[in-house]
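Here's a quick briefing to read with the structure open beside you. It walks through two sheets, a nonpolar core and one chain-to-chain contact.

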Amino acid sequence: MTDVELIENIKRDLGAKALEVTNPDRRRIFLKVGPADLVPAVTVLRDRYDCRYLATISGVDKGEMFEILYHFASPAANINVRTEIPKASPHVESISPTIPGAVLYERELQDMFGMVIDHIPDPRPLVLPDDWPAANYPLRKDWKFERPQEIIPGGKS
Amino acid sequence: MLNKLVRWSRIKSPWILHLNSGACNACDIEVIAALTPRFDVERFGVLLKATPRHADVIVATGPVTRQIKDRIIRIYDQVPDPKFVIAVGACAMSGCVYRGAYNIYGGIDQVIPVNVYVPGCPARPDAILDAVVKLLGKL
Amino acid sequence: MKFQIPIGPQHPALKEPISLRMTVEGEVIRDADIRLGYNHRGLEKLAEDKTWIQNIYLTERICGICSHSHATCYVQGVEKLMEIVPPKRGLYIRYLVSELERIHSHLLWLGVAGHEAGFDSFFMYTWRDREIVMDLLELISGNRVHYAINTLGGVRRDIDEGQKAKILEGIITLRKRSEYYFHIGANEPSFVARLAGVGLLTKEQAVSLCAVGPMARASGITRDVRKEDPYAVYDEMDFEVGTAESCDVLGRVVVRVKELLESYKLCEQILHKLPAGDIVVKAPRKAKPNEAVSRYEAPRGENIHYIKSNGSDKPERLKVRAPTLANYPATVEMLKNGFIADIPLIFAAIDPCICCAERTVSLVNIRSGEETVVRLSDLRRQAIERHKNAPPKRNAVWPF
């Protein structure tokens, strides 16, 4: 099935939920949905388009909004689902009940951006150290870091 | 007399502990490759040990991440005196490409005192052997 | 009566410091928990401050064993963003280095698997042969690891006739030696019996937990990016994807062995079909606002990079997902209902960019609170002793 046919089928199945579909390259489809329609859209993709394999979840800081991309891979094409949530209240529903392998990636989003994933099975932080000060989210664009002074052993510093 | 004997045995057979503090594993593979038949560090009497309490020399790689800093200090304290530290690779010397990252302190010498620095990214096994021999020569 | 065993960050068995907490009941593991973060170097934030070319050197140093994989995945993505197409000869050389890297990584892993199963001479033999591959890579690129042969729009160095002849010669030697080892491995009943039945991961579990690479292929799922999403030269080459049906550590060994033999075939095909021409095309300094998803089959599984540009000469967002992270939920599943003595083997089977060293395991008796330290080398020795005296499983056959 070519990309164009796939896009037609997806638009027909999702109807009003698919806000915007782009096809920048061969076998790459980017599909935008609203945050409330995320779990139904993912369920439709999993059942009818064989998108059971989630490659990863990326988060992008766009200033006022956060954009989350779910990268699925099916034998026909790579379907990437994106959704946007406001930075002031960054809540999004977890897709772990539908796709069990998504837990680690959602934990990383919580750590790095400060998003809140509702109904996540395991909310512990993933990569940041134990003594990391709370409410510091490294991947946000407005988070700056001051390097500590470096000690040169046995020399003049 | 006893001192001379002890010193001779230390030089002839140093036991090393391999410590990875958040590195990309390239230097670590070169350390392990130094054991394989091509470079063969065991002919110098060097043995790779698992636990800090049996080791004489710590071979450390990798930039120090925030999470592992306390563990490195604890391991350094567990090694009995006299102890020596070899910092292998550019990451262990100053942080390599990761300088300035929010989770990295810099080289190993920000945390524990270092005796020998081995440059390279990654350091070749021949360079690591050279470092071990030079350290033994200074003892 | 449940115990909790922490396997702490300084564990000689594996190169990467990670921390595991296992809840055990007797000898059987009931639950496992993995604590990442010792290796977190803040790469994605660093990448936003460096230009496109500087990021090649940064992504190379994500991992030391599959450094070319990350660099190539990144460069593929950026070339898609900038909409430039490298010349054929450049692509062939780039993927020749990829296949050589796959060979060296699988030989490394076979040595590690042998060491964990107690077969130390196998470890020494495979690593000695790995040196042949390292010499070839040094001939092509100048360094044993971190080859830096990629650049935006092609490769930096060319191959001449003398180097080509040397590579072909090296592959012939390696193939002869590899076949000899597999013959030994297959006819060694204790080795096969040690690996069979350990670390089971059914096909359903592998699909729902999104396993990648040889882990998924050993459970019967044919998932290989080179066949599904063929990039660059792979749709012109003739090769097969190796799978196994046994869903255990033995299956993973078989899959990697099959891949090793396919890689020899691929290297020879690439060298024979190498076209003449330029090796690089000039790349612009700035990229238009665009986004790209780049997938690549590293020796451990699928590598995926998501790159977004905003019109300047630095990326807006670089997201990297290495294959071992995708295999962690599957590892936790595999560890459940396994034995403590099988921990080193199961961990080595996912090939987590780690090498041999020992781990110190500390057993905490929950009731009395006292702590005893057991060295993993002791555990490994006990495991080897136990399996030496057990009757070999007569029905464990090398499925090759």
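A residue is called buried here if 20 or more other C-beta atoms lie within 10 Å of its own, with C-beta atoms placed from the backbone. Keep in mind that this is a predicted model. With that cut-off in hand, start at strand β5 of chain B: 5 of its 5 residues are buried. Phe84(B), Ile86(B) and Val88(B) point one way from β5(B), Val85(B) and Ala87(B) point the other way, and all are buried.

**The sheet in chain B**

- β5(B) belongs to an open sheet of 5 strands with parallel pairing, and the order is β2-β1-β3-β5-β7 (chain B).
- β2 (47-49) and β7 (116-118) of chain B sit at the edges with a single partner strand each, so one side of each has no neighbour in the sheet.
- On average, neighbouring strands here are turned by 30 degrees against each other, direction ignored.
- Going along the order, β1 (residues 15-20) and β3 (residues 57-61) of chain B run parallel and are joined by 5 bridges. If you want a spot to click on, Asn20(B) has Thr61(B) in β3(B) as its bridge partner.
- Helix α2 (residues 26-33) of chain B packs on this sheet and touches β1, β3 and β5 (84-88) of chain B. The helix direction makes about 140 degrees with that of β3(B).
- β3(B) also runs parallel to β5(B), again through 5 bridges; here Ala60(B) is partnered by Ala87(B) in β5(B).
- On to the edge: β5(B) and β7(B) pair in the parallel sense over 3 bridges. Val88(B) has Val118(B) in β7(B) as its bridge partner.

**The sheet in chain A**

- Chain A has an open sheet of 5 strands too, in the order β1-β2-β5-β4-β3 (chain A), but its pairing is mixed.
- Its edge strands are β1 (20-25) and β3 (53-61) of chain A, each of which pairs on one side only.
- From one strand to the next, the twist averages 20 degrees.
- β3(A) and β4 (residues 65-73) of chain A are an antiparallel pair with 8 bridges. Within that pair, Tyr53(A) stands opposite Ala73(A) in β4(A).
- Helix α1 (residues 3-14) of chain A packs on the sheet, where it touches β1 and β2 (28-32) of chain A. Its direction makes about 165 degrees with that of β1(A).

**The nonpolar core**

- Which residues touch the most other members of the largest nonpolar core? Phe72(A) and Val88(B) do, out of 186 residues.
- Helix α4 (residues 88-116) of chain C makes the largest contribution to this core, with 14 residues.
- Domain 1 (3-39 + 327-389) and domain 2 (43-324) of chain C both give residues to the core, so it lies between them.
- Setting aside neighbours within four places in sequence, Phe72(A) is in contact with Leu45(A), Cys51(A), Tyr53(A), Leu54(A), Ala55(A), Ile79(A) and Val81(A).

**Where chain A meets chain C**

- This contact takes 26 residues from chain A and 25 residues from chain C.
- On the side of chain A that touches chain C, β1, β3, β4, β5 (78-86) and α3 (103-113) of chain A each supply at least two residues.
- β3(A) gives the most to that side, with 6 residues.
- By type, the residues on that side of chain A are 16 nonpolar, 6 polar and 4 charged.

How values were computed. Residues numbered from 1 in each chain as written. Chains lettered and ligands numbered in written order. Predicted model: local features only at pLDDT ≥ 70, side-chain atom pairs only at ≥ 80, totals over all residues. Pairing = 2+ DSSP bridges. Helix = DSSP H or I, 4+ residues; strand = E, 2+ residues; numbered from the N terminus. Axes fitted to C-alpha atoms, helices over the stretch in contact; angles between N-to-C directions. Contact = placed C-beta atoms within 7 Å. Core = buried A, V, L, I, M, F, W, Y, C linked by C-beta atoms within 7 Å. Buried ≥ 20, exposed ≤ 12 C-beta atoms within 10 Å, placed from the backbone. Domains from an automatic or database assignment. Nonpolar A, V, L, I, M, F, W, Y, C, P; charged D, E, K, R; others polar.
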